[in-house]
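Dear colleague,

I am passing on the structure we spoke of, and I would be glad if you could look through it with the notes underneath beside you.

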Protein chains: 2
Amino acid sequence: MISKSMSPRVENSSAIRAMFEEGLRMARIVGPENVYDFSLGNPNVPAPPEVNQAIIDVVKTENPIKLHGYMVNSGFDETRQAVADDLNDRYGTKYGISNIVMSTGAAMCMNIIFRCILDIDDEVIVSAPYFVDYANYVSNWHGKLEVLPANPEGGFMPRMEELEKRINKKTKAVIINNPNNPTGVIYPESVIKEIAAILEKKQKELGTVIYLIADEPYRELVYDGTQVPHIPNYYDNALVCYSYSKSLSLAGERIGYVVVPDASDQSEQFKMALGIANRISGAINAPSLIQLALARCLRAKVDIEAYKRNGQDLYKALTDAGFDCLKPQGAFYLWMKSPDADEKAFVEALKEEHILVTPGSAFAGPGYVRFSYCVAHETIERATPGFKRIGEKYFQHGMAL
Amino acid sequence: MISKSMSPRVENSSAIRAMFEEGLRMARIVGPENVYDFSLGNPNVPAPPEVNQAIIDVVKTENPIKLHGYMVNSGFDETRQAVADDLNDRYGTKYGISNIVMSTGAAMCMNIIFRCILDIDDEVIVSAPYFVDYANYVSNWHGKLEVLPANPEGGFMPRMEELEKRINKKTKAVIINNPNNPTGVIYPESVIKEIAAILEKKQKELGTVIYLIADEPYRELVYDGTQVPHIPNYYDNALVCYSYSKSLSLAGERIGYVVVPDASDQSEQFKMALGIANRISGAINAPSLIQLALARCLRAKVDIEAYKRNGQDLYKALTDAGFDCLKPQGAFYLWMKSPDADEKAFVEALKEEHILVTPGSAFAGPGYVRFSYCVAHETIERATPGFKRIGEKYFQHGMAL
């Protein structure tokens with residue numbers, strides 16, 4: 001007997017996954033080479049060679065008990081030190097082992113944070129469009145996700161006046177996802193400073209602690225020299241969630257970390273609380289072998305040039321066909337205005353060309369669609385005539401609203 | 001600001017971990033060889049060689065994108081098929097891929113089950129003494145753990161009349177942990193049948209579904225030919241949680257599975273719900289590399305003779321010293337009556353001999369202590385004079401109550 005809280009989730013299983021299944025079905029009919037699947041965020045660039053070398057090295061040289069055994073729930077010292085060193089070199093911070101809590105990817109990092117900060121009916125704010133599972137992470141712990149309306153005129157930056165208005169005594173955190181899934185935009189330093197100023201002001205006014213949580217799995221995937229600001233340099237109660245899913249193409253391995261700066265509220269207890277949350281949530285710890293390998297190779301990088309080229313060429317193909325797209329700055333997503341106000345109808349029209357994308361409503365962003373461009377470059381080339389035909393249909397034959 | 005629900009957990013952080021820290025501190029003072037740490041359940045027998053060979057093989061031969069990439073949230077087909085085949089060969093079952101949901105260890109398996117079956121204030125029953133984190137797994141999802149009083153006269157089997165009395169409309173599950181942590185006993189077939197009969201009867205009477213959840217991370221660690229009964233062969237609404245933490249000494253790798261039998265309630269939707277729970281809880285999936293390696297080596301076995309010998313010799317050393325112990329049948333725990341009704345005072349007395357054990361109250365079993373004997377055999381030998389001295393102190397000098 002499935003619980004009341006779980007039943008609707010089973011009925012409306014994630015739009016992203018449903019699309020995935022549909023792609024497989026279509027591929028069986030027309031052949032996989034004729035299905036242009038832009039729906040899933042599964043990295044398609046292999047992990048850098050340093051990763052597999054590090055795995056083989058630790059398997060061959062590490063103490064066999066340590067290699068596969070428990071460690072403290074927050075992770076191996078050498079892994080946390082390597083992460084801290086890397087951050088310190090890049091952001092001028094002074095993190096040590098204790099500031100880094102390893103967990104099973106950014107999704108679990110967010111869950112253990114919410115486990116530590118949320119009581120029933122506490123609120124967390126995010127700006128639309130947003131990664132759909134944030135709502136689940138918050139509701140797992142019986143909190144409420146408050147969604148700021150999208151800001152297309154302002155480049156999909158958060159609406160600052162709205163943010164300030166929504167914060168109340170129950171507000172425990174604000175999430176930013178930088179670079180953003182699904183829009184591909186990067187919040188620049190000026191935006192981070194504005195958010196920080198609002199949170200500082202509201203903390204003082206309300207006498208509460210409001211965390212700024214940066215979910216940064218795409219931090220390394222930036223394309224035009226833009227820097228992703230390191231939020232603890234702008235705000236004390238900042239928590240950074242990171243994952244090696246994209247930067248090292250290790251999405252299946254489940255490894256990431258939370259940064260807890262010393263300047264944050266009750267930081268000693270909070271670090272301890274995250275370790276406990278790792279244990280009691282069932283994650284226990286990030287996988288041991290991958291942790292040990294990571295300590296040796298975490299500065300390696302996947303070939304982001306492939307993503308960059310995909311982003312540029314997809315943007316060109318779609319704008320050439322007449323569509324209105326946001327130019328991708330980071331991550332591997334392109335956010336495009338649907339020529340039909342009902343973007344789900346447009347998603348269906350794309351399917352006739354065997355082009356699969358995710359409707360914006362799946363991210364609380366109706367009227368838009370998301371292209372995920374972690375695909376073979378050929379997929380973009382082969383889909384281009386389809387983009388053209390659809391563009392003609394909408395823009396030259398008057399179907400666009 | 002740590003939530004109200006988390007704060008007490010930070011204050012009273014797990015007794016087991018606290019003991020671990022104390023052991024390290026003591027080791028720094030008297031030297032690690034003079035501290036006899038029986039407090040932690042971290043396997044000390046290395047993973048069988050097949051595991052590391054399988055890891056190296058998959059790293060060298062598997063498609064690099066698949067090796068570290070996402071798969072469906074329930075796991076790779078080949079891994080689930082290998083698990084199903086193994087179970088079918090041993091238990092005469094007919095499981096296929098769909099009956100097996102991989103997750104990040106048994107702790108997460110239990111969490112995703114509770115995510116799927118519990119609404120606020122639903123109840124789960126367990127018999128004392130029990131693994132302390134069950135209470136956390138249930139309260140994560142706002143359920144309530146109902147604890148049956150321990151049954152020392154009945155060999156720590158569940159009190160059947162009490163079980164029947166406690167079941168009501170809100171009862172969603174009964175947990176059994178077989179072999180048991182902390183007692184080391186195995187529930188035989190007759191006990192499973194009795195439990196199943198009670199649950200069948202109450203399901204009919206109440207018109208509800210009551211899952212019997214078997215947490216079986218120690219299933220392979222059995223010492224005197226005893227068989228651990230496979231509960232889906234005795235009861236339809238059975239769910240089995242398994243982990244390779246102990247049987248392959250992979251505790252740090254976080255890999256295990258849930259068995260969902262076809263005969264269980266809403267089994268198709270339930271399998272889907274577990275996959276969704278994997279995703280939204282933040283686990284996403286069991287680590288990919290280890291899943292692929294496991295598909296090639298899951299029938300390998302650690303050297304359980306070492307544990308068996310430890311169990312026998314520890315039992316002998318403690319009973320020779322006058323203590324009243326349960327003979328270990330499975331897992332790597334020995335459950336011993338404290339000669340002082342206040343077992344925490346006894347734990348302190350043992351510390352004077354640099355012997356570290358876990359007080360029974362940490363498992364809702366006051367008046368007892370738990371020895372974890374996944375230690376070097378030498379630890380038992382070197383601790384034996386200390387057992388003797390403590391025994392003399394309590395039994396010959398009249399300190400026992």
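The notes below take up confidence, then a sheet, then two helix pairs.

Please keep in mind throughout that this is a predicted model. The mean pLDDT of chain A is 94, with 97% of the residues in that chain at 70 or more, and for the complex the predictor reports a pTM of 0.95 together with an ipTM of 0.94. As a general caution, coordinates predicted with low pLDDT should not be read in detail.

In chain A there is an open sheet built from 3 strands, which follow one another in the order β9-β12-β11 and pair in the antiparallel sense. The edges of this sheet are taken by β9 (333-337) and β11 (358-359) of chain A, and because each has a single partner strand, one side of each is left without a neighbour in the sheet. Between β11(A) and β12(A), the latter comprising residues 368-372, the antiparallel pairing rests on 2 bridges, and A:T358 has A:R370 of β12(A) as its bridge partner. Across β9, β11 and β12 of chain A lies helix α14 (residues 343-352) of that chain, which runs at about 45 degrees to β12(A).

The first helix pair to look at is also in chain A, where helix α6 (residues 106-117) and helix α7 (residues 133-140) pack with their axes 9 Å apart and at an angle of about 35 degrees. On the α6(A) side the contact is made by A:A107, A:M110, A:N111 and A:F114, and on the α7(A) side by A:Y134, A:Y137, A:V138 and A:N140. Sorted by class, the residues of this contact between α6(A) and α7(A) are 6 nonpolar and 2 polar, with no charged ones. The two helices, α6(A) and α7(A), cross in the right-handed sense.

The other pair is in chain B, where the axes of helix α5 (residues 77-91) and helix α12 (residues 288-297) come within 8 Å and cross at roughly 40 degrees, an angle that makes α5(B) oblique to α12(B). The crossing of α5(B) with α12(B) is left-handed. From α5(B), the residues B:E78, B:T79 and B:A82 meet B:Q291, B:L292, B:L294 and B:A295 of α12(B), and by class this contact of α5(B) with α12(B) has 4 nonpolar, 2 polar and 1 charged residues.

With best regards

How values were computed. Residues are numbered from 1 along each chain as its sequence is written. Chains are lettered from A and ligands numbered from 1 in the order in which they are written. This is a predicted model: local features need pLDDT of at least 70, side-chain atom pairs count only at pLDDT 80 or more; totals for chains, interfaces and linings use all residues. Side-chain values use heavy atoms; hydrogens and water are left out. Two strands pair if DSSP finds at least two bridges between them. Helices (H or I, at least four residues) and strands (E, at least two) are DSSP runs, numbered from the N terminus. Contact means heavy atoms within 4.5 Å. Axes are lines fitted to C-alpha atoms, for helices over the stretch in contact, and angles run from 0 to 180 degrees between N-to-C directions. pLDDT is the predictor's confidence in each residue, from 0 to 100. A crossing is left-handed if the near helix is turned anticlockwise from the far one by less than a right angle, and right-handed if clockwise. Ala, Val, Leu, Ile, Met, Phe, Trp, Tyr, Cys and Pro count as nonpolar, Asp, Glu, Lys and Arg as charged, and the others, Gly among them, as polar. Angles under 35 degrees count as roughly parallel, over 145 as roughly antiparallel, 65 to 115 as roughly perpendicular and the rest as oblique.
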